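Here are my notes on this one, written so you can follow along with the model open. Have a look at it, then read on.

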Amino acid sequence: MSAIKLSHATSKVIGKIEVPGSKSESNRLLLLKHLYFPNLNIGKISDSRDTSFMKAALESENSEINIGDAGTAMRFNTAFNATKAGRNITLSGSERMHERPIGILVDALNKLGAKITYLDKEGYPPLKIEGQQLAGGTLEIDGSVSSQFISALMMIGPGMKEGIHLKLKGFSVSAPYIYLTANLMRKLGFDAKLDEEDIIIPHQKAKEIQSSVVEPDWSAASYWYAIALLTDEAEIYLPGFLQHSLQGDASVRGLFEPLGIQSLFIGSGFRLKKGEVKQQRFDINLVHNPDLAQTLAVVFAAKNLPAKITGLQTLRIKETDRLKALKTELEKTGAEIEIGDDFLEVKKGIQNLEGVIFDTYEDHRMAMAFAPLALMAPITINNPEVVAKSYQSFWEDLEAVGFLVSWDFS
């Protein structure tokens, strides 16, 4: 098993970092391209492994497609192939992917006229998909499910004769990702109507769109916020970001402000400025931004700030059970962590990092969330290659700003 040893000689981080393109935007634009815009040029597309899986699956003419551990690609390709009349495929993934539920999306597609069956456990991949010409129509769907299910249905809407009308039941989790989907569709010329309980995507013809540029990934930027917080001195410039972003994880700016980290926009991008922590207790709800949970849990523990993070119900079914993984790894440092079905509470912060080896559970965000702790003391992270799922150049970018990175392949 590989590992990486991390440290920083000065605890001063100065540099310009080109954060990769948003995985969420890239994957949505790829699906829309293959549904409606064959000549669309997507600029600054994510180089993540997830997006590579997404692109390869959309372009594949094979009857068997393995999506690996790319959750978004699994959901989006299920919807995509369900609309391809006359095309029959088997869609599978990694062992963990076969443990991640997809039944609500499959049920919804089958109600629209799709023909999808399970090849193993009911409600889970692998799937047999026999493509059909879907008519569309009105569906009720649980708003508390993955936003990717809802986004997948939205994006196939324009191509169905009756379009699609989704009536959301219950509270919608990760709502910013639904708005991201709607706003990207609008940028490409589609009509998309949203309110609290209804999403209406009428049948419509695609306009001729030549290009679209992907903004850098705000969830990836969150690790640089953590680095700025844990440094003695920070001068970090992140180019390409928009002050009025379509991405929900742009809320990281506001979440780090009480921690003393300001985002100063300069031209196309922003500079991180470090100040004083303004609060001594934090209670935050991340139901709309669960991908920021690991970053924040680690920094609260690092700064020994009591905090309760709620709205984390979807973290149980991500690449790993992220709540359990965070508790296990943070408690290696002497921290005291309580978790429940939808929350994590930091009761006592990190006490000692000496000799600590962090496991990553095949989860890219575990590796990147814990890496900033190297500013406090040398640490070791197992299976560091997992960052390729979303941020290929992460370790190289750390080296560029003074982190000492030593690989161990023994």
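How many residue pairs are in polar contact across the interface of domain 1 and domain 2? We'll get there in point 3.

1. First, the ground rules. This is a predicted model, where local features need pLDDT of at least 70 and side-chain atom pairs count only at pLDDT 80 or more, while totals for chains, interfaces and linings use all residues. Residues are numbered from 1 along each chain as its sequence is written, and side-chain values use heavy atoms, with hydrogens and water left out.

2. The domain assignment (bounds from an automatic or database assignment) gives domain 1 as 3-21 + 215-408 and domain 2 as 23-212. Their contact (heavy atoms within 4.5 Å) takes 27 residues from domain 1 and 25 residues from domain 2. Their C-alpha centres lie 29 Å apart.

3. Back to that question: the rule finds twelve such pairs between domain 1 and domain 2, both residues at pLDDT 80 or more. A polar contact is a pair of N or O atoms within 3.5 Å; within protein, one must be able to donate a hydrogen and the other to accept it, and residues adjacent in sequence count only if both atoms are side-chain atoms.

4. Salt bridges (a side-chain nitrogen of Lys or Arg within 4 Å of a carboxyl oxygen of Asp or Glu) number two across this interface. Separately, look up lysine 389 and aspartate 69: they form a salt bridge, with the closest N and O atoms 3.8 Å apart.
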